[in-house]
Amino acid sequence: GCEATFVNRTDKPQTVRPSLHVGDQQVAFDEITIEPLRSVSINKQFLIDQPKLWTPETPHLYEATIQIHGEQQKMDEFSTTFGIRKIDYDKNGFFLNGSNYLLKGVCEHQDFAGVGVALNKDIVAFKLLKLKEMGVNAYRSAHHFASKDLLDCCDRLGIIVMNENRILETSPWRLRD
């Protein structure tokens, strides 16, 4: 399914028609009216017939794009990628898409020589490609939150991620993280 929140930052009600595009498929939403300075969340279920499953060996990703149309024009657009897979873990091990799967992982800190933790997407991709060449198919973000760039690169390159939250505190913002 798809969940989206639409925000009206104007001082007038806005009526919009969202639509979702996944590959060749288009999913229509009902028209919605958003009151001034308010938001509306919607959830829409849809099916992908015979989906291509994501694995480290074949990291197939779908692109989902939500478009928001107003009375006479497209007002906004947002895209994201996602993979479809089934994960199970029990006393017999880790299962990916119904098959027992051997994780070959690393515990990796986010730093890199010369730049510390100021990593750009190219450095992240370089590190992950080197790990993948070594046979790695799983990554634990040791003692740091995985960045969006790291998660995107792992999805694209076919690396399973354990996104660790290692900071032990209970402030409201940390609990949300």
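Buried means under 20% relative accessible area, exposed means over 50%, and partly exposed lies in between. Keep those cut-offs in mind for what follows. The model described here is predicted.

## Salt bridges

Side chains of opposite charge can pair when their charged atoms come close. How many salt bridges does the structure hold? There are six.

Start with K74 and E77. Their side chains meet in a salt bridge, with N and O 2.9 Å apart. Are these residues buried, exposed or partly exposed? E77 has a relative accessible area of 39%, so E77 is partly exposed. K74, at 44% relative accessibility, also counts as partly exposed.

K86 and D88 form another salt bridge. Here the closest N and O atoms are 3.7 Å apart. D88 has a relative accessible area of 34% and is therefore partly exposed.

Next come K127 and E108. A salt bridge joins their side chains at 2.9 Å, N to O. This pair links distant parts of the chain, 19 residues apart. K127 belongs to helix α1 (residues 121-133), while E108 belongs to strand β11 (residues 105-108). K127 is buried, because its relative accessible area is 13%. E108 comes to 18% relative accessibility, so E108 counts as buried.

The table sets out these three pairs.

| Pair | N to O distance |
|---|---|
| K74 and E77 | 2.9 Å |
| K86 and D88 | 3.7 Å |
| K127 and E108 | 2.9 Å |

Salt bridges also build a network. It links K121, K148 and D152.

## Helix α1 and what it packs against

Helix α1 has 13 residues. At 1.5 Å a residue, α1 should span 18 Å. Its end C-alpha atoms are 18 Å apart, so the expected span and the model agree.

Which residues of α1 are buried? They are I123, V124, A125, K127, L128 and L131. An α-helix has 3.6 residues a turn, so residues three or four places apart point the same way. The buried residues of α1 pack against β11, β12 and α2 (148-157). Just after α1 comes G135, which takes a positive phi of about 100 degrees.

## The parallel sheet

Strands of a sheet pair through backbone hydrogen bonds, either parallel or antiparallel. One open sheet has three strands in the order β11-β12-β13, and its pairing is parallel. Which strands stand at the edges? They are β11 and β13 (160-162). Each has a single partner strand, so one side of each is left without a neighbour in the sheet. Neighbouring strands of this sheet are turned against each other by 20 degrees on average, direction ignored.

Now look at one pair in detail. Strand β12 (residues 138-141) runs parallel to β13, and three bridges join the two. A138 stands opposite I160 of β13.

## Antiparallel partners

Strand β2 (residues 14-22) takes part in several pairings. It pairs with strand β4 (residues 32-34) in the antiparallel sense, over three bridges. In that pairing, Q14 faces I34 of β4. β2 also runs antiparallel to β6, with six bridges between them. There R17 stands opposite H69 of β6.

Four bridges join β2 to strand β3 (residues 25-28), again in the antiparallel sense. H21 has Q26 in β3 as its bridge partner. The hairpin of β2 and β3 has two residues between the strands. In this hairpin, G23 takes a positive phi near 60 degrees.

β6 pairs with strand β7 (residues 74-82) as well. These two are antiparallel and share eight bridges. The bridge partner of E63 is T81 in β7. How many residues does the hairpin from β6 to β7 pass through? It passes through four.

## A threonine in a loop

Where is T55? Its place is in the loop between β5 (39-44) and β6 (62-69). T55 has a relative accessible area of 15%, so this loop residue is buried. Its side chain makes a polar contact with the side chain of T58, at 2.8 Å. Leaving aside residues up to four places away in sequence, T55 touches L96, N97 and G158.

Definitions and conventions: Residues numbered from 1 in each chain as written. Predicted model: local features only at pLDDT ≥ 70, side-chain atom pairs only at ≥ 80, totals over all residues. Heavy atoms only, no water. Salt bridge = Lys/Arg side-chain N within 4 Å of Asp/Glu carboxyl O. Buried < 20%, exposed > 50% of the residue type's maximum accessible area, 1.4 Å probe, protein only. Pairing = 2+ DSSP bridges. Axes fitted to C-alpha atoms, helices over the stretch in contact; angles between N-to-C directions. Expected span 1.5 Å × (residues − 1). Contact = heavy atoms within 4.5 Å. Polar contact = N/O pair within 3.5 Å; in protein donor to acceptor, adjacent residues only side chain to side chain.
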